[in-house]
Structure formats: structure tokens, C-alpha cells
Amino acid sequence: MKKPGFLLSAVTGALLSMAGIAATGAAEPLKVGFVYVSPISDAGWTFQHETGRRQMAAALGDRVVTKFVEQVPEGGEAERVIRQFAADGYGLVFTTSFGYMNPTIKVAKRFPDTKFEHATGYKRDKNVGTYNVRFYEGRYLAGIVAGSMSKSNTAGYVAAFPIPEVLMGINAFTLGMQSVNPKATTKVIWTNSWYDPGREREAADVLVTQGADVLTHHTDSTAVVQRAEDRGIYAVGYHSDMSKYGPRAHLTAVTHHWGDFYTRLTQEVIEGKWTSRDVWGGIAAGMVSLAPINPAVPKEIVALVKDKEEAIRNGTFHPFQGPVRDQQGGMRIAGGTTISDEDLLKMEWYVEGVQGKLPR
Amino acid sequence: MIRLEPRPRASKAMRYLSPVIAAALTGVCGVIFSALAGLDPLDTFYAFFIAPIDDRYGLGELGVKAAPLMLIATGLAIGFRSNVWNIGAEGQLTLGAVSGGGLVLLFYDSGSAWLLPGAVVAGAIGGMLWAAIPAILRTRFNTNEILVSLMLNYVALLLLSYLVHGPWRDPEGFNFPESRLFPDSAMLPVILADTRLHLGFLFAVAAVAIGWVFVRRSFIGYQMRVAGLAGGAAEYAGFNRARMIWIGLLAGGAAAGVAGICEAAGPIGQLLPSISPGYGYAAIIVAFVGRLHPIGILLASLLMSLLYLGGEAAQMELGLPSAVTGIFQGVLLFLLLAVDLFVNYRVRFKTTVVEEALS
């Protein structure tokens with residue numbers, strides 16, 4: 001009885017492995033397209049997405065073919081590029097800027113067989129999912145570092161547009177600073193542009209004149225970190241580790257990590273397990289973290305940051321944990337409660353300690 | 001010693017041919033670039049110039065992108081011919097979108113058949129009002145219209161930004177800076193099925209025809225041409241300079257304003273913080289590549305549009321960076337200027353012996 005059994009298992013084994021070879025050999029690689037809003041350059045929002053694409057392409061090898069188009073303006077232009085990917089038989093298209101939302105939805109209706117993933121939007125469809133990152137978690141941790149290093153108790157924040165995403169960052173950063181430095185305040189300058197190194201540099205100078213001795217930014221260039229280096233103050237980078245642009249000034253950076261997410265999502269599409277949903281991952285999902293902290297920062301602060309990071313990861317701490325008051329002193333988040341995701345996504349107020357008026 | 005000597009009379013045929021020669025030379029440069037980059041020149045040529053328009057949708061896109069360029073460049077050329085330098089088309093376009101789009105948002109639920117025509121007219125008026133500012137300042141205070149119109153571009157952008165961040169923000173839009181999507185009754189109809197080619201393209205072609213009639217058949221068009229060629233002569237003939245400045249700026253403003261509302265009510269379908277990917281500036285290039293001539297502008301806008309589409313296709317098909325589009329545009333302009341130089345000047349080789357003896 002042994003022999004036939006052995007034979008049988010050998011035959012089935014061989015058949016199975018042949019089937020396996022056939023399956024992988026015959027499967028066409030999935031074509032995955034990426035639409036970027038700015039040039040890739042070597043730091044910033046698009047650079048991090050490109051890093052994620054490369055990581056995904058390396059992890060999935062010959063099971064995918066990836067292509068990207070950079071510097072695609074939001075609005076009327078994006079629809080053509082997104083549609084072209086779909087028309088060329090791409091199975092999955094990542095559209096990586098908020099302004100691509102309506103074009104993505106429009107194209108998706110005409111190409112039901114292509115899956116679309118849109119970053120930072122709120123409209124979904126059968127074949128359109130959305131994804132975003134809880135950047136505010138990283139902002140809070142960066143705030144702890146900034147608050148402990150500021151002598152003037154004033155941070156300067158160069159920000160692009162007063163949308164909820166950006167306000168969340170400003171508020172979380174300020175709350176983080178205040179957790180170690182109750183007198184800490186934040187001054188904000190709006191540039192009205194995601195990428196304008198000249199204006200970002202000017203804004204940084206104005207903030208320094210107003211007494212800020214640590215700067216951070218929610219814009220796409222490295223100008224703020226470079227300016228902080230020139231002016232002999234500190235800075236917290238954003239999107240990418242920007243330490244090479246200000247080795248002395250760079251305290252840390254709130255960094256974005258898309259690679260694991262892109263790999264997981266693409267794998268789901270390959271295996272036919274993809275469904276449309278909203279992903280909003282943070283520190284726990286490995287989608288946001290801090291760049292290595294500058295050795296100038298005291299050890300106990302680094303330890304504190306590690307503790308808070310762990311607490312956010314395991315869900316025992318939330319950066320927007322009550323009591324939190326707004327600029328006018330009104331109670332926004334009651335003691336003992338945390339803010340709901342819905343309120344976060346609609347945020348249009350400053351926490352106490354942010355100076356200046358929110359533009360409307 | 002090589003010397004440039006003005007030709008006593010530049011060939012008229014060559015003046016019109018020079019953009020064609022420049023375009024052909026740009027193609028040659030493209031072949032050389034791609035060979036240097038280790039790409040098959042034929043593949044590159046195909047990806048850049050053929051692939052984007054090898055189907056109906058692609059042709060539609062060519063028109064979608066050419067329409068605002070054609071419209072604005074035609075309007076600007078009327079002023080440029082008489083040395084009225086309106087660099088503010090980007091701002092006038094934005095104001096066109098603001099006025100027309102504002103009307104749409106104001107009568108959002110009316111469903112009226114007059115909403116769309118009203119919006120287009122409002123767009124034209126908005127663009128003209130914005131262009132009237134440099135016109136008043138120029139005619140009253142002799143302020144430089146280049147600077148005023150250029151700086152108003154930034155003001156216009158901030159105004160639009162304020163509106164979509166504030167009063168006109170979509171109430172259901174999670175506080176993102178976008179207006180509501182326009183209702184179907186306020187959207188420009190598509191004129192070629194299964195594409196995005198919209199009525200705005202016909203507006204652009206009509207503008208080209210009107211521009212031609214104005215320049216060639218109207219007395220004021222003639223006066224403006226004379227003023228551009230010989231300002232002193234025009235003044236001596238008693239042509240009204242202020243009137244030309246007004247017409248030049250208002251024509252550009254109206255065309256840019258219509259282009260703006262056609263973008264908002266066409267491919268975009270709402271108001272966003274930025275309506276144009278730089279059409280107002282690119283149209284200046286189109287106007288000059290097209291020799292300020294309506295037919296030339298029609299062709300130049302199609303060529304410019306193709307360069308944009310080709311840049312995208314080259315990224316997708318060949319993995320070339322987006323900067324390639326910029327290189328092509330730069331090379332085209334450079335070569336156009338170079339060809340023009342040789343149309344107007346000729347090269348003389350002088351014997352070096354004389355030079356050395358002199359020095």
C-alpha cells in the first residue's frame with residue numbers, strides 16, 4: 001500500500017507544482033499606473049509616493065509592471081492621464097493628489113474593470129477606493145521635540161492651504177509642543193501654494209523675525225529647513241527626511257511611507273481580493289513615522305517621544321485627547337473623550353496657542 | 001570674422017515659413033536627443049507625435065487643450081499687433097471663470113436654459129473688466145500695461161482662492177477648497193461623442209474667424225496694424241492711440257474670459273483654486289509662433305497642444321521625465337527665434353586679414 005500512496009502523492013505533487021508553474025507563467029503581470037502632481041525631485045510628497053512605487057515594484061517583481069506620469073496638474077488635465085492608463089489596460093491606478101478626486105471618479109465610471117485608489121479624497125465608488133495617512137500622529141510627536149528645544153516658546157509653521165488636513169497638523173504639532181512646554185505657541189504663515197520655494201523661504205524669514213526659533217512646514221520644498229540652517233535655528237522637516245538640507249537645524253521630520261500599503265493593495269488586486277474601502281492608517285500601520293532625531297535633543301525627550309509613539313501605536317493615546325480648547329477658549333474636545341474621525345476630517349479651527357486668525 | 005547684416009527686404013514667404021522650419025528642426029533635435037538618450041528615435045517620434053492622437057479620444061483631447069490656447073492667443077494677437085502688451089491673460093481667464101462660475105453657483109438650482117449662455121457672457125465681461133484696469137491706467141496715467149496686467153494675474157488667483165476657500169466652498173466638501181460640481185444644465189455640451197471635446201472648441205474657431213475679419217477687413221484693425229509696424233506714422237495720421245489700447249486689451253480680456261469659463265464649465269466642471277495650467281502664458285508663445293496671424297495661431301495652438309499631450313505619452317510609453325515637454329517647447333522657441341534671425345539678417349564672412357591689420 002505504501003508504493004501506490006507514494007506514487008499518488010508524487011503524481012499529485014508534480015501536478016500541483018505544474019499547475020502552479022502554469023498559473024504563474026500564464027498570468028499576465030498587473031499593470032499599475034501612478035499619477036503624480038509634482039516633479040519627483042529628491043524630497044517631498046511625490047518623492048515619497050515614488051519611493052513607495054519602487055518598493056512595491058521590487059517586492060512584487062515580475063507580477064507587476066508599473067508606470068508613472070509626474071507633474072500632472074489638478075483639474076481638467078488629470079482626467080486625460082488617468083483615462084489613458086485605464087484605456088491602456090492598467091488594472092490599478094493610484095491617483096496621488098486631492099485634486100484628482102473628481103476626475104478619478106469620472107474615469108472610473110467608464111472603466112469598471114480597472115481599480116482606482118485615490119489619495120486623500122472622500123468620494124468612493126465600486127472600483128474606487130481611498131487612502132490617507134494620519135499624519136497628525138507624527139506631527140504630535142514632532143511637536144514634543146520642537147517644544148522641548150524652543151527657547152522663545154514660539155514655533156513658526158509655513159503652511160500651504162487652510163484645509164482640514166493641514167489644520168490637523170498645525171493643531172497636533174501645537175498640542176505636542178504644549179505637552180512639554182505649556183507656554184508654547186505657534187505662528188502660521190500661509191503660502192497659498194503647495195510648492196513655492198521662494199515664498200516658503202520668505203515666510204520662514206518673517207517667522208524668525210517674529211521670534212520663532214523652531215520652524216516646520218506643510219509645503220513641498222526643502223526651503224524652510226534650509227533657511228533654518230542658515231538662520232541658526234531649528235526645523236522639523238515634512239514628507240521626507242530632510243536632514244541633508246540642514247544637518248544642524250534638522251531636529252527630525254514627519255515622514256510618509258507608502259511602500260507597504262502599495263504592495264498590499266496591489267497584491268489584493270492580483271489575487272482578486274480587492275474591495276473599495278477607505279484606508280486611514282497612521283503610526284500603527286507604519287504609514288507615518290519620525291526621521292532619526294537630532295543628537296542635540298536630550299535623551300529623556302527622545303525617550304518620551306518613543307513612549308508616546310508606542311502609546312499611539314497601541315491605541316492608549318490619541319493626540320486629540322480632551323480637554324482641548326480652541327483659540328477662543330471654547331471647549332472643543334471634552335476631558336476624557338477623543339475627537340471623532342469625522343470631526344477631524346472637517347476640522348476648521350485652531351487649538352489654543354496657535355496665533356493669528358484662520359483665513360476664510 | 002562673422003558678421004550679421006540686415007537684409008534690405010526680408011522675404012515675406014520666409015516669414016511665414018519660419019515656424020514650419022523651426023518645427024521641423026525641433027523634430028530633428030528630438031531625434032538627436034532620443035538617440036543620445038539611447039532610445040529608438042522612431043519610437044520616440046511615434047510616442048511623442050502620433051500615439052497621443054491615434055484615436056478619436058486623442059483627437060478630442062488635442063482640441064480640448066488647443067481651444068483655450070487658440071482663443072486667448074487670437075485675442076492677445078489683436079493687441080500685440082499694435083504693440084499693446086497684455087501679459088495678463090492668465091488673470092483675465094481666472095476672472096472669466098470667477099464671473100461665469102459665480103453666475104452658475106448663484107442660480108445653481110434654476111435649471112434654466114439661459115444659465116450656460118449667461119455664464120459664457122459673464123465670463124467674457126469678467127475678463128474684459130479685469131483687462132480694463134491696465135487699459136484705464138495706461139490711457140489715463142501712462143502706466144506700463146505689461147507690469148500692471150502681469151501683476152493682476154496674482155491678484156486674480158488670490159481672489160479665486162479666497163472664493164473657493166470661503167464663500168463658494170462646497171458645503172458637502174469636507175472643507176476642501178472646491179466649489180460644488182456645476183449642474184448639467186451649466187455644462188458645455190460635448191461636440192464629439194465619447195470624447196471631452198466641448199463647445200468651447202467651436203468658440204475658439206469662431207474667434208479665429210472673427211480675428212481674421214477684424215485684422216484684415218476693418219478700418220480700426222488696419223489702423224492697429226499700422227500702429228504696430230510704424231508707431232510714428234500712425235500718430236502722424238491721427239489714429240487714436242487710446243482707442244487702440246482699449247480695443248487691444250479688451251479683446252484679449254474677452255477671449256481669455258471666455259476661455260476661463262469654458263474650462264470651468266467644460267473639462268473641469270466646477271471652480272478649483274486654479275483653473276488653468278498656465279494657458280494665459282502659453283498663449284503668448286502660441287501668438288508669436290503663429291506670427292500673430294489667425295491661421296498661424298490656429299496651427300500653433302494645435303502644435304503646442306500636441307507637445308503637451310506628447311510629453312505625457314512619452315512619460316507613459318518611454319518613462320521619460322516630464323521635463324522633456326519643457327525641453328521641446330524651449331527648443332521650438334529658440335529655433336523659431338534663430339530662424340527669424342536669419343530671415344531678417346544674413347551672414348557675412350569677412351576676411352580676417354583686414355581685422356588683424358586693424359587690431
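In the sheet pairing of chain A, G33(A) is placed opposite K67(A), a residue of β2(A), where strands are DSSP runs of type E with at least two residues and helices are DSSP runs of type H or I with at least four residues, both numbered from the N terminus. The model is a predicted one, in which local features need pLDDT of at least 70 and side-chain atom pairs count only at pLDDT 80 or more, whereas totals for chains, interfaces and linings use all residues. Residues are numbered from 1 along each chain as its sequence is written, and chains are lettered from A, with ligands numbered from 1, in the order in which they are written.

The strand that carries G33(A), β1(A) (residues 30–35), runs parallel to β2(A) and is joined to it by six bridges; two strands are taken to pair if DSSP finds at least two bridges between them. Both strands belong to an open sheet of six strands in chain A, with parallel pairing and the order β2-β1-β3-β4-β5-β11. Because β2 and β11 of chain A stand at the edges and each has a single partner strand, one side of each is left without a neighbour in the sheet. From one strand to the next the twist averages 15 degrees, angles being taken between N-to-C directions on a scale from 0 to 180 degrees, with axes fitted as lines to C-alpha atoms and, for helices, over the stretch in contact. Helix α9 (residues 259–270) of chain A packs on this sheet and touches β1, β2, β3 (92–95), β4, β5 and β11 of chain A, its direction making about 140 degrees with that of β1(A); residues are in contact if their C-beta atoms, placed from the backbone, lie within 7 Å.

Within this sheet, strand β5 (residues 128–133) of chain A has five of its six residues buried and is therefore largely enclosed by the rest of the structure. A residue is buried if 20 or more other C-beta atoms lie within 10 Å of its own, exposed if 12 or fewer do, and partly exposed in between, with C-beta atoms placed from the backbone. Strand β4 (residues 115–119) of chain A runs parallel to β5(A) and is joined to it by four bridges, with F116(A) opposite V128(A). The pairing of β5(A) with strand β11 (residues 278–281) of chain A is also in the parallel sense and spans four bridges, and here N132(A) has W280(A) as its bridge partner.

A further open sheet in chain A has seven strands in the order β12-β10-β9-β8-β6-β7-β15, with mixed pairing. Its edges are formed by β12 (288–290) and β15 (354–355) of chain A, each with a single partner strand, so that one side of each is left without a neighbour in the sheet. Strand β7 (residues 185–190) of chain A pairs with β15(A) in the parallel sense over two bridges, and T186(A) stands opposite V354(A). Helix α6 (residues 164–180) of chain A packs on the sheet, where it touches β6 (154–159), β7, β8 (214–218) and β15 of chain A, and its direction makes about 165 degrees with that of β6(A). Helix α7 (residues 197–209) of chain A likewise packs on the sheet, touching β6, β7 and β8 of chain A at about 160 degrees to the direction of β6(A).

The contact between the chains takes 28 residues from chain A and 24 residues from chain B. On the side of chain A that touches chain B, the largest share, four residues, comes from α3(A). The residues of that side divide into twelve nonpolar, seven polar and nine charged, where Ala, Val, Leu, Ile, Met, Phe, Trp, Tyr, Cys and Pro count as nonpolar, Asp, Glu, Lys and Arg as charged, and the others, Gly among them, as polar.

In chain B, helix α7 (residues 200–217) packs with helix α12 (residues 294–318) at an angle of about 155 degrees, with their axes 8 Å apart. The two helices are therefore roughly antiparallel, a class that covers angles over 145 degrees, whereas those under 35 count as roughly parallel, 65 to 115 as roughly perpendicular and the rest as oblique. Their contact is made by V208(B), G211(B) and W212(B) of α7(B) and by P294(B), I297(B) and L298(B) of α12(B).

Methods: Two residues are in contact if their C-beta atoms, placed from the backbone, lie within 7 Å.
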